Amino acid sequence: MSEDYDVVIAGAGPAGAQCARDLASRGYDVVVLETEPEEQFPRTSNKSTAGTFPSMMTAFGIPDDVVMNYTDSVVLESPNDHFVQEQAGAVLEFADFKWFLVDDGREHGAEYRFDARVTAPIMENGEIVGVEYNGSEEVYGKIVVDATGPSAPLAKALGVSDLKRENHAIGIEYELEGVDVSHPGFADLTDAMMLRLDHNLAPGGYSWIFHTGEDTAKVGLCYIQNDIHERNAREGFTIDDYLEFWMETDPRLHGAERIEGIQHRGSAHIQPPGSLSTDNFVAIGDTVPTIDPLWGEGIHKGMKSARAAASTVDACLDNGVADTSAEQMALYDKLWHRDVAPRMDSRLLMTHLLYLAPNERYDTLMADLRRLDENTLAKANRGNKAAIARLLHLGDLPLLAELAQTRHAPGLGDVLKRGVDETANAVPTPSWFR
Ligand SMILES: Cc1cc2nc3c(=O)[nH]c(=O)nc-3n(C[C@H](O)[C@H](O)[C@H](O)COP(=O)(O)OP(=O)(O)OC[C@H]3O[C@@H](n4cnc5c(N)ncnc54)[C@H](O)[C@@H]3O)c2cc1C
């Protein structure tokens, strides 16, 4: 086995495996180090609901046979109301999807080493030149990519990633059968991805039901472990308790049973990214973190970050004259902010505002969503501040003020101020005064 590569990638998640696919198909020598044994992969890293949209499937050539169910709509639920948006989607079988990325990368020439736990960077003259794995093994690369998700052993050691405990979000999900997806009094969840805002079930976060066909569904919840969660939390409840509680109290889940042996859990950080690269190094996917803060869409975002990293490698190693200095690698940062997660600050603001809001405000939000036209909603979802302001009410000013005082939105004071100003100015009709 060679111990010198163009690129060493740590982690075979959607981000790392996609990066390997892109680089191998361009002719680079790539090795991926994955901590799990091949015969069990992905046992502990089979963590995702894996809801995604056709844009991802097309952009990355993902085949139909990793899809569990194609969906037609996205449903947002509050405690007493809901909003339906017609929107095509796909719920992937996450393990099959991960294996497709690995197999396709291998066909293009990427090398995989399983059972290879990356522990530390190998440094020369203050720069990373390779990685240590399994304690004593070493492998070298012109460029090293950390795609290990939140564990981020390389990015942390290099000071690229500063993942903060108060921004740590955790998620859990069961696959269930016997789910009543068209229960009277609720939105029809047949072929739908449903996201529910309800502090009783997911304090400071949200819960979901993703239909996977017939009477089966992926059912889960996540929340950020911060003081908004604490404020709404039930004494002594763990995240597992919340999911059990939902199953006991929601009539759609009364007859449901867990499909044996299937459980997904994981974590991500909801925070601004900080730096993304340094000499000979980039961090991609949840390592940075890239996940969309609002609705947890991490697969497509992670794969886009992988593609931005592959383009950066290409720019730095092409022409036979390698320049992998921090200045050159910073191309990745530019691509990330432009193409992968534009307007991250606005989306973080929306996220914190949403989770800070009380349950009653969620019911009003559903009415607001129905009232606004699709174009405005699409703009708000992209982080357009004027469109976001149209979802706000004068009664939200105390919430905005509280958010401005908290540490949940570091560096967002400016955005908040604009949000408050726009809110105050965006009161076009009396219907805004509730
Ligand atoms: C419960 C849950 C539900 C979710 N639902 C959705 C959803 O519906 N849609 C969506 O888009 N996103 C969803 N996400 C988010 C999505 O799963 C992640 O954003 C995505 O998997 C991130 O990909 P990644 O490649 O960056 O990291 P990961 O998927 O975390 O992959 C990291 C890989 O690195 C390996 N690894 C870790 N440490 C080491 C090490 N030291 N050495 C070597 N290898 C290592 C791991 O085994 C793993 O294979 C969900 C997440 C959770 C937890």
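The legends below describe close-up views of one predicted model, in the order sheet, hairpin, ligand shell and backbone details.

In this predicted model, local features need pLDDT of at least 70 and side-chain atom pairs count only at pLDDT 80 or more, whereas totals for chains, interfaces and linings use all residues. Residues are numbered from 1 along each chain as its sequence is written, and side-chain values use heavy atoms, with hydrogens and water left out.

**View 1. An open sheet is formed by eight strands.** The strands follow the order 3-5-4-11-12-13-10-14, and their pairing is mixed; here helices (H or I, at least four residues) and strands (E, at least two) are DSSP runs, numbered from the N terminus, and two strands pair if DSSP finds at least two bridges between them. At the edges are strand 3 (51-52) and strand 14 (257-269), each of which pairs on one side only. In a regular strand the side chains alternate between the two faces of the sheet.

**View 2. Strand 5 pairs with strand 4 and with strand 3.** Strand 4 (residues 67-77) and strand 5 (residues 82-92) run antiparallel and are joined by nine bridges, and they form a hairpin with four residues between them. Threonine 71 has glycine 89 in strand 5 as its bridge partner, while valine 75 is partnered by valine 84 in strand 5. Strand 3 also pairs with strand 5 in the antiparallel sense, over two bridges, and threonine 52 has alanine 90 of strand 5 as its bridge partner.

**View 3. Strand 7 and strand 8 form a hairpin.** Six bridges connect strand 7 (residues 118-124) with strand 8 (residues 127-133), and the two run antiparallel; alanine 120, for instance, has glutamate 132 in strand 8 as its bridge partner. Two residues lie between the strands, and asparagine 125 in the turn has a positive phi of about 50°. Asparagine 134, in the loop between strand 8 and strand 9 (137-146), likewise has a positive phi of about 50° although it is not a glycine. Most residues other than glycine have a negative phi, and most peptide bonds are trans.

**View 4. The ligand is surrounded by 37 residues.** A residue counts as near the ligand if one of its heavy atoms lies within 4 Å of it, and the closest are Ala15, Glu34, Lys47, Gly51 and Asp286. By class, this shell has 15 nonpolar, 15 polar and seven charged residues, where Ala, Val, Leu, Ile, Met, Phe, Trp, Tyr, Cys and Pro count as nonpolar, Asp, Glu, Lys and Arg as charged, and the others, Gly among them, as polar.

**View 5. Threonine 49, glycine 51 and lysine 98 place polar atoms by the ligand.** An N or O atom in the side chain of threonine 49 is 3.0 Å from a nitrogen atom of the ligand. A polar backbone atom of glycine 51 lies 2.9 Å from a ligand oxygen atom, and a polar side-chain atom of lysine 98 is 2.9 Å from an oxygen atom of the ligand.

**View 6. Two cis peptide bonds precede prolines.** One joins phenylalanine 41 and proline 42, with omega about -10°, and proline 42 sits in the loop between strand 2 (30-33) and strand 3. Another joins valine 288 and proline 289, with omega about 5°, and proline 289 is found in the loop between strand 16 (281-283) and helix 7 (299-317).

How values were computed
Polar contact = N/O pair within 3.5 Å; in protein donor to acceptor, adjacent residues only side chain to side chain.
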